[in-house]
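Me: I should like to understand how the terms used for a protein structure follow from their definitions. May I put some questions in turn?

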Amino acid sequence: MSSPILFVIVGKNEPLFEAEIDTYTGTTGGNDLSTRQNYFVLHSALDLVEKSAWTTNSMYLRVVDKVNHQQVSTFLTAGNIKFMLLHGGKGEEVVRSFFNEVYGYYVKLSMNPFYKYDTPITSLAFENRVRAAARSYLS
Amino acid sequence: MSSKSQAAQAGQALWAKMPKANAELFALTYGSLVTELVRDYEDPIEVNAQLDRIGYSIGVRCVDEFLSKADVAGMGLTTQCQNLRDTAEVVAKMGFKMFLGIQAEVGAFSQDQRCFSIYLQDNPLSTFVELPEDDPSGGEDLRRLKYSNLYCGVIRGALEQVNLKVDCNIVRDTLKGDELNEIRVELKEVLADGAGDDYKEE
């Protein structure tokens, strides 16, 4: 059974986007308990993200936290929005490519005059693109 | 038929001479304008009316610029438009081309030759725009917003200055899922040369 991949976009105060990607089926899945545990792990890594943000001047922060057999990778956008990925040991380059592609979609989304910066993302088009990118890079 | 390609060529030449602006800046500026209007007026129908009014002011000024540039360049405007069909071609092939750089088509002339449609394949104003989904909490229904209603005002304003009173509506919109944008233009009346009563000699 593959460990599902959790991708969360966190703004200043709250999560803006969440997608749980089961790489075998590419849809949401997983039972409730492991989902909640995953969210907990991801959010507790936020402090570590802040810490490692100061150590490097690139946007990709690599792996910031390791819990059991899972790792949290983070990408920090220029506007201080955090893209976080909880995964079971994917290669760094793969995760970097995934983050870069999602960053491209995020920038296009933020050019939409109707989208206000740092608000939850409800666009279905964005969600579909993120899932497609996850399917192609992370499975 | 020859007038069609003449208009297209003239439009191309006029576009080449115009100063250019960054398309993204243009789209983002218009986007901010629309969202501010939405925030201020809240009702999408009212916002449509405001956009039409803004477009009207723009159109009134555009037509002067168009006529002066086209005359200077000697673009065959020595022959006036004989009927609405010619006017439609000029608006779409020369007007839209000159100011926006886009190819617009005309079609769907009505039986009495008083209505026509302008088709826009791509719309520079709506780059990056996605209308937000229906707000279930009952906020403004932005589906009723006509994002590109500025065009309607521009056409109305421009044609009114040459004594053609028209009504314009956006009937198809790519933001709402259609394959192209369609603006329906209806001629209401041909105004008499409007110097007004003040100038009537005794």
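Me: In which sense do β2(B) and β4(B) pair, and over how many bridges?

Reply: This is a predicted model. In it, β2(B) and β4(B) pair in the antiparallel sense over six bridges. One bridge sets B:I118 opposite its partner B:I183 in β4(B).

Me: What makes β3(B) and β4(B) a pair of strands?

Reply: Two strands pair if at least two bridges are found between them. Eight bridges are found between β3(B) and β4(B), so they count as paired, in the antiparallel sense. B:C168 has B:V185 in β4(B) as its bridge partner.

Me: How do you know that β1(B) is paired with β2(B)?

Reply: The rule asks for at least two bridges. Four bridges join β1(B) to β2(B), residues 115-120, so the rule is met; these strands run antiparallel. B:G107 stands opposite B:S117 in β2(B).

Me: Why are β1 and β3 of chain B called edge strands?

Reply: The open sheet of chain B has four strands in the order β1-β2-β4-β3, with antiparallel pairing. The strands β1 (104-107) and β3 (164-172) each pair on one side only, and they are the edge strands. Neighbouring strands of this sheet are turned by 25 degrees against each other on average, direction ignored. Helix α5 of chain B, residues 149-161, packs on the sheet and touches β2, β3 and β4 (181-190). The direction of α5 makes about 165 degrees with that of β3(B).

Me: Which strands are at the edges of the sheet in chain A?

Reply: The sheet of chain A is open and has five strands in the order β2-β1-β5-β4-β3, with antiparallel pairing. Its edge strands are β2 (15-21) and β3 (60-67), each of which pairs on one side only. On average, neighbouring strands here are turned by 15 degrees against each other, direction ignored.

Me: What makes β4 and β5 of chain A paired strands?

Reply: Six bridges join β4(A), residues 70-76, to β5(A), and at least two are required, so the two strands are paired; they run antiparallel. A:V72 stands opposite A:L86 in β5(A).

Me: Which helices lie against strands of chain A?

Reply: α2(A) packs on the sheet, touching β1 (5-10), β3, β4 and β5 of chain A. Its direction makes about 140 degrees with that of β3(A). Helix α4 of chain A, residues 124-138, lies across β1, β2 and β5, running at about 45 degrees to β2(A).

Me: Why is the pair A:E50 and A:K82 called a salt bridge?

Reply: The closest N and O atoms of A:E50 and A:K82 are 3.4 Å apart. The cut-off is 4 Å between a side-chain nitrogen of Lys or Arg and a carboxyl oxygen of Asp or Glu, so the pair qualifies. A:E50 lies in helix α2 (residues 46-53) and A:K82 in strand β5 (residues 82-87), 32 residues apart, so that distant parts of the chain are linked. Over all chains, the structure has 13 salt bridges.

Me: How many salt bridges and polar contacts cross the interface of chain B and chain A?

Reply: The rule finds zero salt bridges across this interface. Two residue pairs are in polar contact between the chains. On the side of chain B that touches chain A, ten residues are nonpolar, three polar and three charged.

Me: What is the extent of the contact between the chains?

Reply: Chain B supplies 16 residues and chain A eight residues. Together the chains bury about 970 Å², 71% of it on carbon and sulfur atoms.

Technical notes: Residues numbered from 1 in each chain as written. Chains lettered and ligands numbered in written order. Predicted model: local features only at pLDDT ≥ 70, side-chain atom pairs only at ≥ 80, totals over all residues. Heavy atoms only, no water. Contact = heavy atoms within 4.5 Å. Buried area = accessible area lost by both parts, 1.4 Å probe. Polar contact = N/O pair within 3.5 Å; in protein donor to acceptor, adjacent residues only side chain to side chain. Nonpolar A, V, L, I, M, F, W, Y, C, P; charged D, E, K, R; others polar. Axes fitted to C-alpha atoms, helices over the stretch in contact; angles between N-to-C directions.
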